[in-house]
Amino acid sequence: MKFHKRITSTSDSIALKLAILAKEKENARRKLVVTAKQLAATAKEKESIRRKLVVTAQELKRLHGTLEKKVLQRTKDLEQIRSKNEAILTSIGDGLVVVDKEGKISYINKSFEEMLGWKTQEIVGKSMVEVVPREDLNGIGVSFKERILTQVLEGQKFVADLTNPFYYVRKDKSRFPASSIVAPVVLNKKIVGAVEVFRDITKEKEIDKAKTEFVSLASHQLRTPLSTVNWYSEMLLTGDVGEVTPEQKKYLEEIYSGNQRMVDLVNTLLDVSRIEMGTFMVEPKPTDIVKLARSVIDEQKLQIDEKKIKFSRSFEDSIPLMRADPKLLRMVIQNLLSNAIKYTPEGGKIGVSISLDNEKNVSLKMSDTGYGIPKNQQDKIFTKLFRADNVIGKDTEGTGLGLYIAKSIVEQAGGKLWFESVENSGTTFYATLPLGEIKKKRGIKAPS
Ligand code: ADP
């Protein structure tokens, strides 16, 4: 009995162990199933990543292709623009030079090569100011500092418009008259270089000379008949050749004053052509400027009174005699005073003063309370034939030559002529003239 009981308990424990083993096996199998599933999922993910990578690679390849095409197209476009610009720059008749911020040449066009005799390979990288000298109209070299290109690169002038002609010196040292425009090349608000465009103005100068010579010749020819008309109308007016009726006298007076205006105009034109041809001679002698001014005022007293102008004068005592051409100095004072009268309405004021500046210069001041000069036209006032808009409409006659001549005379004498003006309020002209000697027998030139 006892034996039977022992056998039963042994088989029970075996059965139990088997059951445990079976369970463990089952657990292990389940774990294996889970792991297998996980492995399958990872493999799937991997596959999907691989697929994505393939797609990305394909996309990248496609993009690369497009980009390459675009770059090629862009390069082609740029090349086209470059050749187009090159063709334009080559074909323009004006000389063109591009410099870097040190003033070294980085580009010249064909016209530059032709005009100045330099080849691109000889000149690129060299300083424009050093390689191509510039001279003023007197043949005096323009210094490095005074060169417009230098000034533009230093930012002193934004755009330099040179209407004043000068000479450019070629490689073979010959020269030609030119005019140029210089503009800075600005990048990110900084001047990184400059571009200069210049023109050979030999032909214009020749035409100008021919025009001046024609005006001079025509004026000379007109003088004789004008003198004849003057002479005979004066004779008729004075009754030297018989009595004239009051009506005839009226017409004769018209003829006489009209002729006088023509004589004045012809004389002015002759003065201008002399200035331009450099044949306006100066004969300086000791001159009393105050006496001269008094006589000009007396001469124009009638017009001052007719317009009821309040006239004042202030002449400093003891102004010494100055060396000047009295005829020319008279012309300057005459012009300034007649302008003041002409451009001041009735009842206005005019003042003339002459004083001594630091023992070396005489100062002349002519002020009026007239129409003034519009601000936007003030820089043109000394230009030949220029008349401001505000006086053209008014009943004033003029040629626009007086101030051009006056400025030429004053500058030749080593002086300065300028003005201040406010429209509808008045104008003051200032002239300073050196007391000293005026260089003898030198032709007057056009004003600067
Ligand atoms: P014109 O008087 O014969 O026209 P000018 O050369 O003497 O020629 O003067 C040029 C221009 O300058 C005049 O037409 C006028 O517009 C202006 N101007 C000169 N003087 C005066 C002044 N005192 N007041 C106002 N404008 C003046």
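How many nonpolar, polar and charged residues does the shell around the ligand have? Hi everyone, the shell has ten nonpolar, eight polar and three charged residues, with Ala, Val, Leu, Ile, Met, Phe, Trp, Tyr, Cys and Pro counted as nonpolar, Asp, Glu, Lys and Arg as charged, and the others, Gly among them, as polar.

A word on the source: this is a predicted model, where local features need pLDDT of at least 70 and side-chain atom pairs count only at pLDDT 80 or more, while totals for chains, interfaces and linings use all residues. Residues are numbered from 1 along each chain as its sequence is written, and side-chain values use heavy atoms, leaving out hydrogens and water.

Now, the ligand. It is surrounded by 21 residues, meaning those with a heavy atom within 4 Å of it; N339, Y343, R387, T399 and L403 are the closest. For polar contacts (N or O pairs within 3.5 Å), a ligand oxygen lies 2.8 Å from a polar backbone atom of L403, and a ligand oxygen lies 3.2 Å from one of G400. Taken alone, the ligand exposes 530 Å², and the protein buries 98% of that (Shrake-Rupley, 1.4 Å probe).

Helix or strand, who contributes? Elements here are DSSP runs, helices (H or I) of at least four residues and strands (E) of at least two. α10 gives the largest share of the shell, four residues.

Finally, β14: eight of its nine residues are buried, so the rest of the structure largely encloses it (buried is under 20% relative accessible area, 1.4 Å probe, protein chains only). β14 pairs antiparallel with β12 over eight bridges (pairing takes at least two DSSP bridges).

Definitions and conventions:
A polar contact is a pair of N or O atoms within 3.5 Å; within protein, one must be able to donate a hydrogen and the other to accept it, and residues adjacent in sequence count only if both atoms are side-chain atoms. Buried means under 20% relative accessible area, exposed over 50%, partly exposed in between (1.4 Å probe, protein chains only).
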